[in-house]
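Q: I'd like a close look at a single part here, the largest pocket. Which residues lie nearest its centre, and which element gives the most to its lining?

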Amino acid sequence: MALGKYNIVNPDDSSPLPDSHRVTVRYYLEFIRISSPHGNGIHSADRVESAKFAFTAIEVGDYLACFWTPDHKPPTTVTLEFDLRTGVAAKDWTSIAKKGHLDRVELELLQLRDTVQSIHDDMFYLRLSEEAMQGMTRTTNSRMAWLSFLSLAVCLSVAGLQLWHLKSFFERRKLL
């Protein structure tokens, strides 16, 4: 689960945000876009000052967020606040507390339980990825050992052929 929000910081607090400082969120590359690792669009908006979005990640990989504004003549700096929360931090604990009629201690315990569960899941994932990397390392080491033995055999064979050739050459020239 991921929750995100973004808004443009007004450079001049006394006046409203200029229209040129609004951003566009679309599925095209030339505009703001938030997409999954396989290019599936998650969020889009057109000429907005701020927005919120939420999604559940179903694809493994890096998610992309691109923000684009119209061309400014002369060039202008646009400041954007972007907040993305994932996992336990993405849960709305106040609504959970209201729905379950929980007091503060119970809510803290729920948060701690979810945090521990998240850490446990991360550790399990790390353990699995470490096992996969160790297997790949063992495979690479065994292949390198075979390659080393093969190259040693080739070198010794070439050295033996060179000795045989030199011996036969010197015997034909009657130098030996």
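The answer below takes the pocket first, then the elements that line it.

A: One bit of housekeeping: this is a predicted model, in which local features need pLDDT of at least 70 and side-chain atom pairs count only at pLDDT 80 or more, while totals for chains, interfaces and linings use all residues. Residues are numbered from 1 along each chain as its sequence is written, and side-chain values use heavy atoms, with hydrogens and water left out.

For the big picture, the protein has two helices and eight strands (DSSP runs numbered from the N terminus: H or I of at least four residues for a helix, E of at least two for a strand). Starting at the N terminus, the order is β-β-β-β-β-β-β-β-α-α. Of its 176 residues, 16% count as buried.

Now the pocket itself. The largest one holds about 370 Å³ of space, where a volume is the space filled by probe spheres set on grid points joined across faces, edges and corners. A pocket here is an open set of points on a 1 Å grid over the protein atoms alone, where a 1.4 Å probe fits, with protein on both sides within 12 Å along at least five of seven lines; lining residues have an atom within 4 Å of a point.

The lining comes to 22 residues, with Met1, Ala2, Ala57, Thr86 and Gly87 lying nearest the centre. Two or more lining residues come from each of β6 (50-55), β7 (64-66), β8 (79-86) and α2 (104-172). Helix α2 is the top contributor, giving five. Split by class, the lining has 12 nonpolar, five polar and five charged residues; Ala, Val, Leu, Ile, Met, Phe, Trp, Tyr, Cys and Pro count as nonpolar, Asp, Glu, Lys and Arg as charged, and the others, Gly among them, as polar.

Two of those lining strands, β6 and β8, pair with strand β1 (residues 2-9); pairing takes at least two DSSP bridges between the strands. Between β1 and β6, which run antiparallel, there are six bridges, and Tyr6 has Ala51 in β6 as its bridge partner. Strand β1 also runs antiparallel to β8, with eight bridges joining them, and here Asn7 is partnered with Glu81 in β8.

As for charged contacts, the model has two salt bridges (a side-chain nitrogen of Lys or Arg within 4 Å of a carboxyl oxygen of Asp or Glu). In one, Asp83 and Arg85 bring their closest N and O atoms to 3.1 Å. On accessibility, buried means under 20% relative accessible area, exposed over 50%, and partly exposed in between (1.4 Å probe, protein chains only). Asp83, at 27%, is partly exposed, and so is Arg85, at 42%. The other bridge pairs Arg113 with Asp114, with 3.7 Å between the closest N and O atoms. Arg113 counts as exposed at 53%, whereas Asp114 is buried at 13%.

Back to α2, the helix that gives the most to the lining. An unreviewed UniProt entry lists residues 144-164 as "transmembrane region" (such annotations may be inferred rather than shown by experiment). In the model, that span is 100% helix and 0% strand, with its end C-alpha atoms 30 Å apart. The segment after α2 includes Lys174, a residue other than glycine whose phi is positive, near 60°. Most residues other than glycine have a negative phi. Lys174 is exposed, at 70% relative accessibility.
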